[in-house]
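Reader: Hi! I'm new to reading protein structures, and I would love a close look at one part of this one. Could you walk me through the aromatic rings and what surrounds them?

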Amino acid sequence: MMTKTLSIAYGVLLGVLTALGGTARAQDDLPRTAGPYVPTPQTIVDRMLQLAAVSKDDVVVDLGSGDGRIVRTAAKVYGASGFGVDIDRELVERSNAAAKSEGLGARAVFVQQDVFKADIRKATVVTLYVLPEMMVGLRPKMLSELRPGTRIVSHDYHFREWLPDNRLSFDVPEKRDAVGFSSTSLYLWIVPAAVGGRWRLEVADNKLPAPVTLNFRQLFQNVNGEAQVGNRTTDIAGTKVRGDTIEFALDAGPRAGGDRFTYRGTVKGDVIEGQVAWGMEPGARRYAWKATRIEPPADKLAH
Ligand SMILES: C[S@@+](CC[C@H](N)C(=O)[O-])C[C@H]1O[C@@H](n2cnc3c(N)ncnc32)[C@H](O)[C@@H]1O
């Protein structure tokens, strides 16, 4: 829940950016639909990259990259690679010149492109400082093109109903010059695997009661559903999806003395594989399990 102060600050910044963005056009007259050029102060860039836990293994993509400072910092400080896209040719040229003078080579590249046209499938981290309506407009692209586990960090704006997995709020006095106030929020999302639909679940060597069918309903990272175990229907409990991992529990039925089966697995497209523990004890017996999607969800992962 947003505090009242933050909510007011949000409204003011929104007004500033919308007023600037509504009319502003980039140098060669392409519309700045994602908002005007307002650079993220370096101290916030540093916090964004920390929040995403960027490392040398990451591919960092900034959509609406301005002077390229986010991708250039990721390359310089963390040894990551990545690219930025911006609609403004002059900013793209400035970014590439800065990357060149910093000796970043192919690890920080900038192209003039609309955010919707960017190929973001290789990103492991996406950064955003774009207008609120552009955040919501980009949501389907994020969910359909980014791999599960990709981290998205946004400066000040969020994906509305897709709630963040983490959030930081703090003051940055130098921001006052640009937008009139200093309060700042950063949001982090972990792209969830798409697990909606019906799955057939099997446990190695038929160790646990079978057949089991799972029916998952998904709204972003929130998942619930029910399981058919033989001729018994039971709720699927405690489902958690984080990136490509899933965890849930099924009660083991009347003959198992109240025990639970706790499933943990990794989602790869239409297959989930993992281990199931029978009982809650640390030394509980564990078996390999596998589920295969047999029916897609009625609604795709909600956008
Ligand atoms: C608020 S600035 C953020 C710059 C940079 N990401 C940062 O945080 O310092 C938004 C940037 O998005 C760019 N932009 C606006 N509309 C765009 C679009 N449709 N496609 C690509 N870039 C766009 C603007 O030119 C501007 O540089």
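Author: Happy to! Let's begin with what a pair of rings is: two rings of Phe, Tyr or Trp (for Trp, its six-membered ring) count as a pair if their centres lie within 6.5 Å. This is a predicted model, and a search of the whole structure finds ten such aromatic pairs.

Let's zoom in on Trp-162 and Trp-189. Their ring centres are 6.2 Å apart, and the planes meet at 50 degrees, so this pair is tilted; planes under 30 degrees apart would count as stacked, and over 60 as edge-to-face. Where do the two residues sit along the chain? Trp-162 belongs to the loop between strand E5 (151-155) and strand E6 (166-171), while Trp-189 is part of strand E7 (residues 183-190), so the pair ties together parts that are 27 residues apart in sequence.

Are these two rings buried or exposed? Buried means under 20% relative accessible area. Trp-162 has a value of 0%, so this residue is buried, and Trp-189, also at 0%, counts as buried because of that value. The two also have company: ring pairs link Phe-159, Trp-162, Tyr-187, Trp-189 and Phe-220 into a cluster.

Trp-162 leads us on to the nonpolar interior. The largest nonpolar core has 29 residues, and Trp-162 is among those with the most contacts inside it, along with Leu-63, Leu-128, Met-142 and Ile-152. Strand E1 (59-63), strand E4 (125-128), helix H5 (132-145) and E7 each supply at least two residues of this core. Helix H5 gives the largest share, five residues. In soluble globular proteins, nonpolar side chains tend to be buried together.

Leu-128 is a good place to look around in that core. Leaving aside residues up to four places away in sequence, its contacts include Leu-63, Ile-152 and Phe-159, and Phe-159 brings us back to the ring cluster. Leu-128 also touches Asp-62, Ser-154 and His-155, among others.

Apart from this core lies another, of 25 residues, including Val-203, Phe-216, Phe-248 and Trp-289. As you turn the model, you can trace some strands there too. Strand E8 (residues 197-203) runs antiparallel to strand E9 (residues 212-219), joined by five bridges, and E8 also pairs in the antiparallel sense with strand E16 (residues 285-295) over six bridges.

Finally, some rings have a charge as a partner. The charged end of Arg-47 sits over the ring of Phe-170, 4.0 Å from the ring centre. Arg-285 lies over the face of Trp-278, at 4.9 Å from the centre of that ring.

Technical notes. Residues are numbered from 1 along each chain as its sequence is written. This is a predicted model: local features need pLDDT of at least 70, side-chain atom pairs count only at pLDDT 80 or more; totals for chains, interfaces and linings use all residues. Side-chain values use heavy atoms; hydrogens and water are left out. Two strands pair if DSSP finds at least two bridges between them. Helices (H or I, at least four residues) and strands (E, at least two) are DSSP runs, numbered from the N terminus. Buried means under 20% relative accessible area, exposed over 50%, partly exposed in between (1.4 Å probe, protein chains only). A charge sits over a ring if NZ of Lys or CZ of Arg is within 6 Å of the ring centre and within 35 degrees of the ring normal. A nonpolar core is a set of buried Ala, Val, Leu, Ile, Met, Phe, Trp, Tyr and Cys residues joined through side-chain atoms within 4.5 Å. Contact means heavy atoms within 4.5 Å.
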